[in-house]
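Reader: Hi! I am in my first year and still learning to read structures. Could you take me through the second largest pocket and its surroundings?

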2 protein chains.
Amino acid sequence: MDFKTEFKPLTVQPQEIEEKSFEMITEELGPHPFTEEQYPVVQRVIHASADFELGRSLLFHKDAIRAGIEAIRQGRKVVADVQMVQVGISKPRIEKFGGEVKVYISDPDVMAEAKRLNTTRAIISIRKAIREAEGGIYAIGNAPTALLELIRLVKEGEAKPGLIVGVPVGFVSAAESKEELAKLDIPYITNLGRKGGSPVAVAAVNAISLMAERLG
Amino acid sequence: MDFKTEFKPLTVQPQEIEEKSFEMITEELGPHPFTEEQYPVVQRVIHASADFELGRSLLFHKDAIRAGIEAIRQGRKVVADVQMVQVGISKPRIEKFGGEVKVYISDPDVMAEAKRLNTTRAIISIRKAIREAEGGIYAIGNAPTALLELIRLVKEGEAKPGLIVGVPVGFVSAAESKEELAKLDIPYITNLGRKGGSPVAVAAVNAISLMAERLG
């Protein structure tokens with residue numbers, strides 16, 4: 001190395017930092033309404049956001065965790081709404097079961113179709129995902145229009161996702177889209193309010209893929 | 001399209017949604033301590049997080065905005081600590097001035113060196129960045145160790161970044177690393193407390209590159 005000064009070697013390994021963080025979260029969160037199988041998702045969302053209010057705002061369909069684990073173990077695709085979610089999701093645990101993490105929003109055909117139809121790339125990318133990733137996990141951290149289109153297609157009987165992780169952040173349509181998701185009787189993870197975002201979607205999927213892996 | 005049902009055309013364009021969100025933020029935030037040139041960063045951070053507390057926790061070195069704009073207009077590199085930050089930063093406004101957005105953390109030489117020295121890839125990636133992106137903008141949303149190493153190199157006189165956007169999130173070292181950053185007399189944007197993360201780093205850089213572009 002071409003620096004005059006040298007850093008000190010690590011005294012704490014990254015794995016220990018994560019474990020310590022998780023202990024702090026459990027202690028500070030205190031009593032909570034989540035089940036044992038839901039809690040790893042809550043914990044990892046708080047870890048990614050340092051926001052207990054956001055963690056407490058999470059809502060789970062009763063079959064969400066089981067359905068998410070099954071989708072991963074069956075090698076179903078994970079579909080991200082945006083690239084930030086796609087790159088954040090840990091790949092090895094999904095790929096070992098034959099799955100992959102896809103994002104369609106910047107595909108040339110999606111961009112062309114959105115322009116032609118005067119709509120958002122997010123909406124068109126969801127329609128492409130339904131064709132290519134049926135039964136998969138949909139991780140939506142940014143685009144309320146993507147989530148609303150997915151909900152519409154589910155209601156119309158045209159889509160049957162394995163699990164929807166719908167946690168868009170924002171001031172216009174985000175909270176409303178999540179309220180609509182929470183009315184569906186299909187596996188979902190969402191949260192109420194404006195908060196959410198890419199790291200929340202990533203944390204939820206990574207928590208589930210860890211559970212899928214630990215089943216062996 | 002091969003769906004039986006068809007979505008409604010958009011009644012509100014994405015650009016209008018962003019403008020409406022920004023208006024809501026200004027109205028709800030009310031009186032604040034930020035200068036006119038700092039406010040676009042605050043506004044975009046709140047837009048990305050829906051978190052007014054996080055927005056209010058931002059701290060700016062007095063030269064931060066001017067230095068960030070200059071770095072972009074001089075075509076300096078923008079260095080992201082992790083891929084989520086790299087993909088989130090808007091590229092065209094940086095590339096039009098000759099800059100680019102780099103991330104070194106998964107480079108094979110960085111991974112090998114971190115293993116050899118028993119340290120984090122984040123630390124080694126910062127050392128590589130200093131060699132390749134001197135005078136650039138450092139956007140650190142995740143890795144406190146990266147920020148601490150950068151601060152150490154600045155103090156030792158071995159690094160001279162154009163602007164440090166240091167907003168790592170987390171329970172161990174994140175808040176401490178940001179307190180250290182806020183003691184430096186070089187251009188920085190940071191926030192106090194545990195919150196932060198990739199979208200915050202992305203929002204800050206995107207707000208600055210927009211200001212750089214608007215100067216024409």
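Author: Happy to help; we will start with the pocket and then turn to how the chains meet.

A word on the ground rules: this is a predicted model, where local features need pLDDT of at least 70 and side-chain atom pairs count only at pLDDT 80 or more, while totals for chains, interfaces and linings use all residues. Residues are numbered from 1 along each chain as its sequence is written, chains are lettered from A and ligands numbered from 1 in the order in which they are written, and side-chain values use heavy atoms, with hydrogens and water left out.

Rolling a probe the size of a water molecule over the atoms shows where empty space is left. Here a pocket is an open set of points on a 1 Å grid over the protein atoms alone, where a 1.4 Å probe fits, with protein on both sides within 12 Å along at least five of seven lines; lining residues have an atom within 4 Å of a point. Volume is the space filled by probe spheres set on the points, which are joined across faces, edges and corners.

The second largest pocket holds about 1700 Å³ of space. Its lining has 49 residues, and those closest to the centre are A:Val82, A:Asn142, B:Pro14, B:Glu18 and B:His47. Helices (DSSP runs of H or I, at least four residues, numbered from the N terminus) from both chains take part: among those giving at least two residues each are α8 (121-132) and α9 (144-155) of chain A, and α1 (14-29) and α2 (39-49) of chain B. With eight residues, α11(B) supplies the largest share. The lining counts 24 nonpolar residues, 19 polar and six charged, where Ala, Val, Leu, Ile, Met, Phe, Trp, Tyr, Cys and Pro are nonpolar, Asp, Glu, Lys and Arg charged, and the others, Gly among them, polar.

Now for the chains themselves. Contact (heavy atoms within 4.5 Å) involves 51 residues from chain A and 51 residues from chain B. Because 100% of the interface residues of chain A are also interface residues in chain B, the copies meet through the same surface. Together the chains bury about 4600 Å², 64% of it on carbon and sulfur atoms; buried area is the accessible area (1.4 Å probe) that two parts lose on being put together, summed over both. Between chain A and chain B there are four salt bridges, each a side-chain nitrogen of Lys or Arg within 4 Å of a carboxyl oxygen of Asp or Glu. B:Lys195 and A:Asp51 form a salt bridge at 3.7 Å, N to O.
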